[in-house]
Amino acid sequence: MPTSRRTFAAVAVSALLLPLSACGSGSDSGSPGDASGKIEGDITFQTWNLRANFKSYFEGVIADFEKKYPDTHVKWVDQPAEGYADKISADAAGGTLPDVVNVSPDLVAPLAKAGLALDLDKAAAKYKKEYLAGAWASHQIPGMTGTYAFPWYLNTGPLFYNKSLFKKAGLDPDQPPKTYDELFADALELAKKSDGKVATLANVPTIEDFGRYGVELMNKQGTAFTFNDAKGVQLLAKYKELYDAKALDPQALTATPESSGKKFLTEAVAMNPGSALDLGNFKKNAPNLYKNIGITDQITSTGHVNMYVMGVMVNSKTKHTPAAVAFAHWVTDAEHQMSFAKKVAIFPSTAGSLDDPYFTKEDGTDETRVRIAAAKSLKNAVNYTPVLFSEQMKTALRNEVAKALQGKESPKAALDNAVKACNTLLQQQG
């Protein structure tokens, strides 16, 4: 299971180009893409770094499916997190892509363009109403019609902040920033009062940050990126101001999610995004921080927080479409998502599941408080990272952001260059 800035759920990995000639045979149960036939046959289900921690869970899910559909057999394969995108690309090119595949939205895009992802709006439209609208839409591709994976687990998280550091700077520890203006003002104050020793943020802005700020990231046709608009330039200029004042950690240009987390853990940084998973780590490894931990909502100008999402895709070339669709739905239905969510700090994408008492009933613990707040925000959350935004594009944006923060380019020039590079890469995706 991949890691991300907030938790392990749904990091975007390389959207690699796939040859359109990728081979595979059609369905034996009706025409290709027809999921209405008999549920039978041998299928392969591939997950993404899940066996080590959830072996018994998935074996149980598979056994129950095979019991319900005795003419099926599910072979489970699990791939390591490292190189997962490359593995999918190689399998797609070689015609060996499994029947049912654990994907993130950006992995779906090249597979859908290559004709290898089954359009669920056609093959499984009857299930659409079972899922949150935002989650179902997360595997839609700009410029294409259709939905190309069942939504699976979701994640989001709050902002953690260090009340002690806020107090030392003369800021109200019970009134964390709620808007970007407040965040930037508090960050400058913290840096000033600590003589530049305490930064508030440890990460440079990513594409999702531009999205939460209200920047139009892409045109509606999905043919060009547009995050170099006035609002995008304004956000980068603000980060430049923070960087110059040491309110943004000086090492942010080379920071990883792990290093940023360590800075917060050692109380060198005042705020950091996180999830319910982090609280146990704070309690164990940084009891002083845990004693002073503040929890607040993600800051957003749009009214919608960011959502990470995982999906389960059906190979359009599977020989057993009815069985593959039935199993992909089985793994992601409300019952199984709910049971998975109780094993690990993730959230179901099924409609109504977030109203379960597990996600709504307080018990006085911080862990439950974080879980309840995240579940509430997920009901109308958005996956801001565009499906077509590849790992190469992220690198291009990060490089240009670094130049702007270092004063080598103006924020406008940096974002113009980033958009130009990303649009060139987008054209190459075809």
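Let's start on helix α2, which covers residues 84–94: its buried residues are Tyr84, Ala85, Ile88, Ser89, Asp91 and Ala92. Around the helix axis these residues take up an arc of only 165°, so they sit on the same side of α2. One thing to keep in mind while you look around is that this is a predicted model.

So what lies over that buried side? The cover on the buried residues of α2 includes three strands, β1, β2 and β3, along with α3, the helix at 105–113. At the other end of the story, just after α2, you'll find glycine 95 with a positive phi of about 75°.

Now follow the cover back to β1, which runs through residues 41–48. This strand is mostly covered itself, with 6 of its 8 residues buried. Two of the other strands we just met pair with β1, so to speak, and each is worth a look.

Take β2 to begin with, at residues 72–79: it runs parallel to β1, and 8 bridges join the two. If you want a spot to zoom in on, try threonine 44, whose bridge partner in β2 is lysine 75. Getting from β1 to β2 brings in helix α1, residues 51–68, and together β1, α1 and β2 make a right-handed β-α-β unit.

Then there's β3, at residues 100–103, which also pairs with β1 in the parallel sense, here over 2 bridges. Phenylalanine 45 is a handy landmark, since its bridge partner in β3 is valine 100. Put together, β1 has parallel pairings with β2 and with β3, and both of those strands are among the elements covering the buried residues of α2.

Let's zoom out to the whole chain. The protein chain holds 17 helices and 8 strands. Its radius of gyration is 22 Å, close to the 22 Å that the globule rule gives for 430 residues, so the chain is as compact as a globular protein of that length. Laid along its principal axes, the C-alpha trace spans about 70 × 50 × 30 Å.

How much of the chain counts as buried? Of the 430 residues, 55% do. As for contacts, take those in the protein chain with a separation of 6 or more: 76% of them come from residues 24 or more positions apart. On the outside, the chain exposes about 17700 Å², and carbon and sulfur atoms supply 51% of that area.

Technical notes: Residues are numbered from 1 along each chain as its sequence is written. This is a predicted model: local features need pLDDT of at least 70, side-chain atom pairs count only at pLDDT 80 or more; totals for chains, interfaces and linings use all residues. Side-chain values use heavy atoms; hydrogens and water are left out. Buried means under 20% relative accessible area, exposed over 50%, partly exposed in between (1.4 Å probe, protein chains only). Helices (H or I, at least four residues) and strands (E, at least two) are DSSP runs, numbered from the N terminus. Two strands pair if DSSP finds at least two bridges between them. A crossover is right-handed if, with the strands pointing away from the viewer, the path from the first strand over the helix to the second runs clockwise. The radius of gyration is taken over C-alpha atoms; the globule rule is 2.2 Å times the number of residues to the power 0.38. Contact means heavy atoms within 4.5 Å. Accessible areas come from the Shrake-Rupley method with a 1.4 Å probe; for residues, only the protein chains shown count as cover. The arc is that of the directions from the helix axis to the C-beta atoms.
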